[in-house]
Amino acid sequence: MSLLRTLLVRGLTMLGVLLAVQILVVVCLGATGYSDRMLQAVISEQLRGMRSSLAQTIRDPARLEEALEAHREELESSYGLDRPWFARMPGMVARVFKLDLGEAHTLRSSDGSNRVADIVLERIPATMLLLTSAMVITAGIGILIGVKLATHPGSPLDRVVSGFSAVSFALPTWWVGILLILIFSFRLGILPTGGMYSVPPPDGGFARFMDLLYHALLPIFTLVLASLGPYVYVIRTMTLNIAQAEHVTIARAKGLSERTVSGRHILRVAAPPIVTSLILGLAGTLGGSILVETVFNWRGMGRLYYEAIAGTPDEMVIVALTFIYTLIYILARMVLEVLYVILDPRVRYG
Amino acid sequence: MKITQSQTFRGISIIILLFLTVFAFSYQPPHNKPGPASDKIMFHAFDVDRAPLDLEAGNMDLYMYSLKTEAAEQLKRRGTFSLYQAPASTISLLLNPAPAPQGQLNPFSIKEIRHAMQYLVNRDFIARDIYRGMAVPMISHISPQDFDYLTIYDIERTSGITYDPEYGRQIIAKEMRRAGAGMADGKWYYRGMPVRVKIIGRVEDERRNIADLIRAELEKAGFDASISYRPFAAAIISVYSSDPKTFEWHIYTEGWGRSAVQRYDFATVNQMYAPWLGNMPGWQEVGFWQYSHPELDRLGKQLFRGEFGSLEERNSLYRRMTQLGLDESVRIWLVTAVNTFPAKKNLKGITPDLVSGLRSPWSLREASLQGKSDLTVGHLWVWTERTTWNPVGGFGDVYSADIWRYLHDPPLWNHPFTGIPQPMRAGFEVETAGPGGKLSVPPDAVLWDAENNRWTGVGGGVRAVSKVTFDYSRYFRSKWHHDQPITMADIFYSIAQSFELAYDRDKNRIEVALGVTARPYLETFKGFCPVGESKVEVYVDYWHFEENHIASYASPAGLSMPWEILAAMDDLVFHQRRAAYSDTAASRFNVTWISLVMDRDARLVERTLRDFERRSYIPEGYFNVGGRELVNKKDAEARYQAALEWFRDKRHLVISNGPFYLSKYDPPAQYAELNAFRDSAYPFKPGDWYFGYPPEIEISSANQIRLVPGESAGLKVQVQGPGKTGLQYLLFDTAARTVIARGEAEQRGEPTEFYLSIDSSITSKLFPGLYELHLIAYSDAIAKTALRTVDVDVLF
Amino acid sequence: MALLEVRELVLHYASERGPVKAVDSVSFEVRGEGEALGIIGETGSGKSSLVRALMRIPPGNIDTYSGEVILKGKEIIHIPEEEFRREIRWKQIAVVFQGAMNGFNPVIRMGDQILERMVEERAIIPEKRREVAVELLKKVGLSEDTFFRYPHELSGGMKQRAAIAMALSLNPSLLILDEPTSALDVSIQAQIMNVLKQLKWDMGLSMLFITHDIALASDLCDRIVVMYSGQLREYGSAEQVLLDPQDPYTRELLSSIPRLHGKASPHFVTGAPPDPAEPPQGCRFHPRCPEKYEICTRKDPPLFATDDGHYARCWLKGKPPEKG
């Protein structure tokens with residue numbers, strides 16, 4: 001079955017990508033010495049802070065130094081700095097592949113667990129809510145508008161939307177987010193400024209869920225707005241190209257209804273390239289969601305990633321999250337690839 | 001045996017109390033039920049950039065995190081909210097004094113050039129323009145907002161440090177040439193290469209603009225200055241984790257948070273100037289080049305250890321260190337920036353702390369909105385991943401501390417205006433034989449024997465420098481939040497716990513750092529003696545010329561949590577090994593860092609409590625003090641049951657004795673709720689801890705004084721301020737930068753009237769020139785000073 | 001009555017340089033009962049535009065589209081689009097285009113595409129689909145399992161045959177073939193031609209066969225039309241046009257066919273076809289005509305009858321209008 005073989009090859013490639021990314025992360029963190037230096041600096045910083053508070057009760061300089069040394073050793077061993085990076089990090093990667101995500105050093109879940117799996121699991125729904133909603137809405141609107149535009153190329157609507165697409169492509173996601181907050185939260189006051197729940201949070205499962213959705217509106221809107229533009233334009237152009245293909249003329253000559261022509265002979269043929277553009281936009285959407293979560297104070301994985309990198313670097317969390325994000329990318333990509341192969345018989349290798 | 005000092009202090013306390021009563025009349029407490037002013041306080045997180053808008057929208061009543069400068073300025077202009085300001089951070093420039101490798105030149109390795117930098121920084125501009133007036137210029141490590149300013153302010157004046165870029169460049173030119181550099185086209189060249197200076201500027205706040213300013217000045221002085229803008233993480237890697245000799249930086253914009261109001265500083269001056277404490281370039285890191293200064297180290301350690309016999313001795317150490325620090329100019333001080341906390345105008349009852357502003361322990365106890373019983377407090381976060389609620393190794397971040405503060409009553413705390421330790425819920429009486437002598441410790445005083453788990457009498461022949469008798473009756477007549485009485489058992493468990501942490505070998509292996517930290521402190525304690533129903537005598541080897549500081553040092557137990565919670569946590573950490581007090585132990589043993597507000601952790605403690613209850617367990621040895629049995633089975637059972645009941649109801653185990661108790665804590669929603677604890681026997685009611693705004697000290701006098709050489713002159717000065725005020729003066733030759741005369745003004749007549757006289761012998765030394773009279777007023781009732789400069793006209 | 005009568009069919013495209021006169025007043029008829037009418041012309045003569053004009057599938061930019069097309073006595077250019085689509089397209093007139101390579105939807109199976117119009121006509125019940133399709137495939141000499149193939153799995157020749165099968169699905173009265181073999185190699189070409197001949201003889205299928213290949217036209221067609229610059233220059237029976245061409249263009253065209261034997265080098269028509277947006281004044285062939293006269297440069301000749309059923313557009317064949 002050529003279909004299965006194609007997919008198998010793709011699947012193995014993706015797995016290879018996953019492994020390569022993990023190795024890259026580890027090398028970036030470790031071989032550059034970034035991780036070690038960063039953690040050393042953090043330890044030194046903590047110790048400097050401790051000096052003044054310890055000085056309140058320890059009045060003998062020698063004993064003070066002793067106490068600080070003890071603290072330093074503790075900190076070093078807890079950060080794993082008593083072993084070099086190539087001793088501690090491959091272990092992390094191996095663990096992660098066994099789906100044991102390890103423990104975070106400084107970050108914790110909201111019920112106190114420091115197991116990365118718990119922290120991430122807690123945050124996945126939040127991120128998934130944003131990501132999948134945004135992707136579905138973008139794809140849906142993109143296809144609707146793109147196809148509509150392809151039927152009237154050069155019309156004023158077409159020009160306006162194409163212009164908007166170019167602008168949307170250039171807009172940084174985080175900037176759009178902030179702008180929307182300004183307009184909708186502060187000027188108009190109809191949407192919250194950020195966070196996931198209101199003050200005080202409503203009781204009861206349903207009310208809480210509705211509150212969550214209410215808070216999710218702006219972030220999703222931001223993600224959609226930022227990724228819609230190029231997507232619409234690509235779909236429009238692809239559909240347009242296909243609409244001018246010969247088989248469409250023939251289909252019309254066959255006397256088929258316009259609906260059949262646009263449905264089966266244009267859209268259906270445009271479906272594979274549309275899926276391709278979804279694949280290409282996937283990585284961008286994942287990255288954009290990280291920024292959106294940060295701007296909107298949305299406690300999802302993106303925010304966690306940001307905190308793990310920008311704050312005290314938490315190696316285990318960084319490795320685990322990179323793995324998860326790559327995994328999400330791969331899975332989404334596989335789904336799309338399968339979809340592509342189903343849609344386009346020409347790529348099934350004999 | 002000197003006890004006269006305590007009398008003096010009692011006298012002062014009375015004056016203060018009188019003053020406060022006067023003040024208190026102008027503030028009407030909303031009710032006189034025991035407990036706090038508001039019935040409910042809700043904490044919620046708001047982002048600092050959106051805070052002003054959230055305030056205006058009415059989402060919160062006050063914000064406990066400082067607004068950014070621009071936002072603060074805007075609110076100030078609009079005047080719709082009250083702004084509480086407190087000096088929050090000091091900003092300094094750190095210069096890298098390491099010597100450059102052969103063939104290169106580090107201008108800052110030359111002391112004179114470092115000192116010249118003091119003249120290149122425009123502190124007024126920074127305070128006025130960059131900080132929009134919300135900062136105060138600083139020359140030494142202390143500002144006029146600190147009590148010790150009085151000790152060294154003349155050193156500041158005589159240093160002559162002011163913004164004089166011409167002069168600065170002159171000195172630089174002289175020294176650069178001496179070092180072998182030459183100037184071409186306005187730039188310095190050493191062995192054919194331009195002299196490069198790298199500035200690391202922090203980007204998160206105004207330090208970014210300061211870096212820009214410094215760069216401009218350095219460029220004008222002929223250096224090739226470049227800035228690397230870095231956030232926290234990237235900056236500290238380069239500055240604090242690299243060998244200064246690698247010159248990853250030449251200048252760094254530092255920022256220091258201020259801790260509580262402190263009188264008689266001993267740590268800060270060391271931190272900022274003396275290399276031994278590890279805060280000078282080199283950081284005492286093995287392998288790095290170290291900045292060294294033997295005299296500063298020697299003096300610093302002396303000051304630190306308290307090796308002085310009197311206030312005067314202490315002051316002279318302090319002055320010498322400050323002088324040396326200014327001369328060395330490795331740290332150049334710029335400004336003290338102010339924190340701005342906004343609140344609704346109709347918010348009453350706030351006592352702003354001199355240092356922490358709104359975040360003082362008194363604020364929320366007394367705060368209420370007119371006509372309302374609830375209060376909504378905003379903060380940057382309510383919960384972060386590092387917010388850990390445990391009294392032994394947690395409460396390390398502001399977000400937990402800022403709520404916890406209102407849930408427990410400490411035995412002592414520092415007066416908001418003077419910084420002197422005061423009785424809060426515990427009273428004290430100090431007896432001391434220091435600095436030279438010792439008292440004898442009664443043989444039946446006890447110490448905890450960690451090896452054998454019991455209280456043992458110290459036996460005969462033990463002596464200690466001071467004795468403090470603490471009176472805990474204000475605790476004992478009321479209850480813990482879970483309705484259980486506060487007893488001697490809670491105190492003695494807590495003391496034993498600290499000794500266990502420090503001396504029990506097994507526990508040391510688990511919580512290493514905590515043990516090492518506690519030992520030097522606990523070594524100074526020589527014995528504890530329960531007296532009567534509610535008093536404990538504490539014998540300790542510690543002396544300070546201000547008695548209250550001895551009491552503060554000797555306070556043995558924080559009394560923040562009931563013994564059964566502490567015991568359950570101890571069991572969990574050391575026996576069951578399923579949790580840890582500190583984060584380092586937690587990560588080492590792969591257990592949870594215990595936080596009583598976290599569901600999972602609280603449940604672990606709850607399970608332990610249930611186990612205790614089932615076995616009718618009483619921690620062995622802890623409650624057998626000097627023959628007395630502090631806890632019996634019934635007491636223990638009642639305790640456990642009450643704690644379990646509490647957990648069933650509230651789902652957390654934060655039980656304490658303060659005016660509020662924690663009713664809700666919701667991390668994902670960033671929300672916490674505090675309810676008033678209205679036990680009829682709670683000793684305080686609204687108004688008791690209201691101090692109001694810190695009183696101001698103001699000097700008023702003529703703007704000018706005429707001096708005729710050979711004639712004596714005098715000046716009348718008014719000083720308005722609380723308590724006992726004083727006035728010092730400096731007659732200063734501006735051009736020569738020298739002090740001609742200094743002295744203390746005399747109080748004449750009214751307590752606010754002062755008169756200073758300048759003798760003819762002094763005026764005869766005057767020449768035509770620029771002179772100034774610097775006045776500094778101080779008070780014993782507030783850790784602030786006031787300054788005034790009077791122009792001097794010399795007539796011939 | 002002729003099967004198809006075309007009267008003064010005009011299709012001009014709009015362009016920046018003025019109207020492009022692709023089909024400029026063309027009139028002819030297809031007689032039906034298995035007659036194959038060939039339309040010969042070079043590139044740019046307007047033959048493909050003629051197909052579009054007949055099928056009412058012009059491109060977007062029309063300047064003029066007029067004339068009459070009468071199929072079995074009924075005018076079809078001016079009836080409503082919907083009626084034309086439902087009644088005429090594929091049912092009465094079907095087309096086989098030149099590049100069948102891309103004439104099929106790449107993601108749908110051949111069988112479905114061939115039957116597509118039938119399905120839409122509800123002319124077929126689901127159970128019978130396979131049967132009907134296989135029958136159509138057999139007619140053009142394709143195997144049964146072509147039904148399941150995708151276009152990219154078939155060769156050019158097979159696709160062209162499938163296109164023919166597809167065109168036959170509703171039993172049209174007229175089959176228009178626009179260069180059906182140009183893209184194929186000679187052996188396949190022969191196969192296709194055989195198929196067409198078979199259809200002509202067995203089914204009596206009338207065809208409009210458009211090509212630039214004179215040899216093919218001579219093989220299949222009964223009557224031939226020569227097109228140049230949007231106009232008909234000559235038409236008549238195949239023997240008349242090929243053996244006794246009257247129009248100079250036709251003669252030039254025929255003489256440019258290389259001979260298998262003989263030493264003479266091939267003749268070719270000098271010059272290039274005219275710009276359809278700006279055709280020459282007068283006779284459109286005059287710039288390249290070896291026999292032109294003065295009048296040819298001024299006036300466009302009408303079609304003159306030269307024989308029974310044989311017409312040519314040349315002043316040489318008829319009386320010029322009176323001077324003056």
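User: Which residues point one way from β7(C) and which the other way, and are they buried or exposed?

Analyst: In this predicted model, C:Leu174, C:Ile176 and C:Asp178 point one way from β7(C), whereas C:Leu175 and C:Leu177 point the other way, and all of them are buried.

User: Why is strand β7 of chain C described as largely enclosed by the rest of the structure?

Analyst: A residue counts as buried if 20 or more other C-beta atoms lie within 10 Å of its own; 5 of the 5 residues of β7(C), residues 174–178, are buried, so the strand is largely enclosed by the rest of the structure.

User: What makes β6(C) and β8(C) paired strands of β7(C)?

Analyst: Pairing requires at least two bridges between the strands. Strand β6 (residues 93–96) of chain C and β7(C) pair in the parallel sense over 4 bridges, and 5 bridges join β7(C) to the parallel strand β8 (residues 206–211) of chain C, so both cases satisfy the cut-off of at least two. C:Leu177 stands opposite C:Val96, and its bridge partner in β8(C) is C:Phe209.

User: Which helix belongs to the β-α-β unit with β7(C) and β8(C), and what is the handedness of that unit?

Analyst: Helix α6 (residues 186–203) of chain C makes a right-handed β-α-β unit together with β7(C) and β8(C).

User: How many residues does the contact take from chain A and from chain C, and which element of chain A gives the largest share?

Analyst: The contact takes 19 residues from chain A and 21 residues from chain C; on the side of chain A that touches chain C, the largest share, 6 residues, comes from α9(A).

Definitions and conventions
Residues numbered from 1 in each chain as written. Chains lettered and ligands numbered in written order. Predicted model: local features only at pLDDT ≥ 70, side-chain atom pairs only at ≥ 80, totals over all residues. Contact = placed C-beta atoms within 7 Å. Helix = DSSP H or I, 4+ residues; strand = E, 2+ residues; numbered from the N terminus. Buried ≥ 20, exposed ≤ 12 C-beta atoms within 10 Å, placed from the backbone. Right-handed = clockwise from strand over helix to strand, strands pointing away.
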